[in-house]
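Let's work through a few exercises together, one step at a time. Keep the sequence and the 3D view at hand as you read.

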Amino acid sequence: MWLCCVNAAAVEDIDGQAIFAGPTPQEGVGSMAFAYDLVVDKARRDCKLGLDTLPEEKPPALRIVRVRPGLVSEWNQSHPESPVKEFDTIIAVNGVQSGIQRMYEEIARSTKLTLRIMRH
């Protein structure tokens, strides 16, 4: 399954500021791996998330294969020190990490998304 062109709006917190929780080391993963949270508000219908993904079964995750124009590419422009890149992995969506289908469903149904991104 591909995640492409999901309607979304702006990457901002309550005050309209971009959110970046910063990288955190992941236990049990190589020392080069880190994860961070990206928060997206899908309030506007004319904007897209802009990610193509491939599902990974074990552990459940969504591998990013392309960053297209949309909210994530806008976030990348605002945060050149920590851009989302091809081959990064979404390991949770709004805390959901128990299955790829549930992650895709959470992306489709929620207006506010917290994507936990891991880089290896």
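**Exercise 1.** Does Arg 68 count as buried, partly exposed or exposed, and at what relative accessibility?

*Solution.* Before we start, note that this is a predicted model, in which local features need pLDDT of at least 70, side-chain atom pairs count only at pLDDT 80 or more, and totals for chains, interfaces and linings use all residues. Residues are numbered from 1 along each chain as its sequence is written, and side-chain values use heavy atoms, with hydrogens and water left out.

Step 1: recall the cut-offs. Buried means under 20% relative accessible area, exposed means over 50%, and partly exposed lies in between (1.4 Å probe, protein chains only).

Step 2: apply them. Arg 68 has 29% relative accessibility, so it counts as partly exposed.

**Exercise 2.** Find the salt-bridge partner of Arg 68 and place both residues in the fold.

*Solution.* Step 1: a salt bridge needs a side-chain nitrogen of Lys or Arg within 4 Å of a carboxyl oxygen of Asp or Glu. Arg 68 forms one with Asp 52, their closest N and O atoms being 2.7 Å apart.

Step 2: Arg 68 sits in the loop between β6 and α1, while Asp 52 belongs to strand β5 (residues 51-56), so the pair ties together parts 16 residues apart in sequence. Here helices (H or I, at least four residues) and strands (E, at least two) are DSSP runs, numbered from the N terminus.

Step 3: check the partner. Asp 52 has a relative accessible area of 5%, so it is buried.

**Exercise 3.** Which strands does the salt bridge of Arg 116 link, and how do these strands pair?

*Solution.* Step 1: Arg 116 bridges to Asp 37, with 3.0 Å between the closest N and O atoms. Arg 116 is in strand β8 and Asp 37 in strand β3, so parts 79 residues apart in sequence are tied together.

Step 2: β3 and β8 pair in the antiparallel sense over 8 bridges; strands pair if DSSP finds at least two bridges between them. In β8, Leu 113 stands opposite Val 40.

**Exercise 4.** Which element gives the largest share of the largest nonpolar core?

*Solution.* Step 1: a nonpolar core is a set of buried Ala, Val, Leu, Ile, Met, Phe, Trp, Tyr and Cys residues joined through side-chain atoms within 4.5 Å. The largest one has 22 residues, and Leu 38 and Leu 115 are among those that touch the most other members.

Step 2: elements giving two or more residues include β3 (34-41) and β8 (112-119). The largest share, 4 residues, comes from α2.
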